[in-house]
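Subject: Handing over a structure

Hi,

Here is the structure I promised to pass on to you. Have a look at it first, and then read on for what turned up.

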Amino acid sequence: MSKLTKNQQLAIAKFDTRKQYKLTEACQLVKEISYTKFDASVELSIRLGVDPRKANQMVRGVVTLPHGTGKVTRVLVLCTPDKEAEAREAGADHVGLDEYIEKIKGGWTDIDVIICTPSVMGKIGAIGRILGPRGLMPNPKTGTVTMEIGKAVKEVKAGKIDFKVDKQGIVHAAIGKVSFEASQIAENANELINTVIKLKPQALKGTYMKSIFMSSTMSPGINIDIKAIGAAD
């Protein structure tokens with residue numbers, strides 16, 4: 001086992017790793033145990049009792065965090081010329097079509113979200129192998145394939161995120177920054193947790209939410225009491 005750094009030792013000394021904390025307590029603690037020199041992200045890891053290999057137990061959704069993520073989201077809109085002005089007015093960082101498809105084919109992926117209109121999906125399919133592994137492929141289920149380009153851009157810029165359970169049955173999502181007020185972190189966390197609860201697969205038998213941990217970049221995880229936030233079965 002690797003030796004703990006001085007900052008890790010300081011962090012662990014501030015809380016009991018065996019204890020389950022109320023969400024409000026965890027939101028204050030995560031600020032206190034973060035020793036990075038930069039404004040660290042705050043993340044939730046929600047372990048679910050689903051089998052992601054089964055299509056009827058896949059958990060995927062979108063949520064708009066009340067206070068955003070604290071991160072500047074770089075948005076590329078791939079669309080026909082008639083939608084370009086709408087995209088730019090809404091705050092898109094990059095707008096176009098063929099030139100950006102060629103750019104991506106050349107290895108450029110300096111973006112966080114791609115939004116497009118349904119009519120251009122045929123062209124985007126050609127770069128699906130590049131976008132897919134990076135989580136950049138537009139999808140109607142997450143609202144990134146739409147005719148309402150302006151609305152979609154504004155929602156993403158305001159803090160709309162999409163999440164999906166991974167192969168281990170865990171949902172990982174950034175819900176803010178350490179610089180946020182504890183109450184803001186709590187409201188964002190509640191929004192994500194409640195959204196995941198609503199997505200409980202009907203085919204699932206047994207416990208849905210098994211554990212929830214909150215952490216900041218490079219900090220230890222804080223175990224959250226699921227029953228105290230009404231997320232238990």
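A good place to start is Asn-194, which lies in helix α8. Please keep in mind that this is a predicted model. Asn-194 is partly exposed, with a relative accessible area of 34%. If you want a sense of distance, look from there to Asn-56: the two residues are 138 apart along the chain, and their C-alpha atoms are separated by 20 Å.

Now for the helix itself. Helix α8 covers residues 182-198, and its 17 residues should span 24 Å at 1.5 Å a residue; the end C-alpha atoms are 24 Å apart, which agrees. Which of its residues are buried? They are Ala-182, Ile-185, Ala-186, Asn-188, Ala-189, Leu-192, Ile-193, Thr-195 and Val-196. The spacing of such a list is easier to read with one thing in mind: an α-helix has 3.6 residues a turn, so residues three or four places apart point the same way. What do the buried residues of α8 pack against? Their partners are helix α2 (23-32) and the strands β1 (41-48), β2 (60-64), β6 (160-164), β7 (170-177) and β8 (209-216).

That leads to the nonpolar cores. The largest one has 41 residues, and those with the most contacts inside it are Leu-44, Ile-46, Leu-48, Leu-192, Met-209, Ile-212 and Met-214. Two or more residues each come from α2, β1, β6, β7, α8, β8 and β9 (222-224). Helix α8 gives the largest share, seven residues. Apart from this core lies another, of 16 residues, which includes Leu-97, Tyr-100, Ile-101 and Ile-124.

Tyr-100 turns up again when you look for aromatic pairs, of which the count is one. The rings of Tyr-100 and Trp-108 have their centres 5.7 Å apart and their planes at 45°, so the pair is tilted. Both partners count as buried: Tyr-100 has a relative accessibility of 13%, and Trp-108 has 16%.

Next, have a look at strand β5 (residues 113-116). Both of its faces are covered: Val-113 and Ile-115 are buried on one side, and Ile-114 and Cys-116 are buried on the other. This fits a general pattern, since in a regular strand the side chains alternate between the two faces of the sheet. Strand β3 (residues 75-78) runs parallel to β5 and is joined to it by four bridges. One of the residues involved is Val-75, whose bridge partner in β5 is Val-113.

Thr-117 is found in the loop between β5 and α5 (121-124). With 1% relative accessibility, Thr-117 counts as buried. Setting aside neighbours within four places in sequence, its contacts are Leu-78, Cys-79, Lys-83, Val-145, Thr-146, Met-147 and Ile-149.

Finally, the cysteines. How many disulfides are there? The count comes to zero. The sulfur of Cys-79 has its closest cysteine sulfur in Cys-116, and at 9.2 Å that is too far for a bond, because a disulfide needs the sulfur atoms within 2.5 Å. Both residues are buried, Cys-79 with a relative accessible area of 1% and Cys-116 with 0%.

Enjoy exploring, and write back with any questions.

Best wishes

Definitions and conventions
Residues numbered from 1 in each chain as written. Predicted model: local features only at pLDDT ≥ 70, side-chain atom pairs only at ≥ 80, totals over all residues. Heavy atoms only, no water. Buried < 20%, exposed > 50% of the residue type's maximum accessible area, 1.4 Å probe, protein only. Expected span 1.5 Å × (residues − 1). Contact = heavy atoms within 4.5 Å. Core = buried A, V, L, I, M, F, W, Y, C linked by side-chain atoms within 4.5 Å. Pairing = 2+ DSSP bridges. Phe/Tyr/Trp six-rings, centres within 6.5 Å; stacked < 30°, edge-to-face > 60°.
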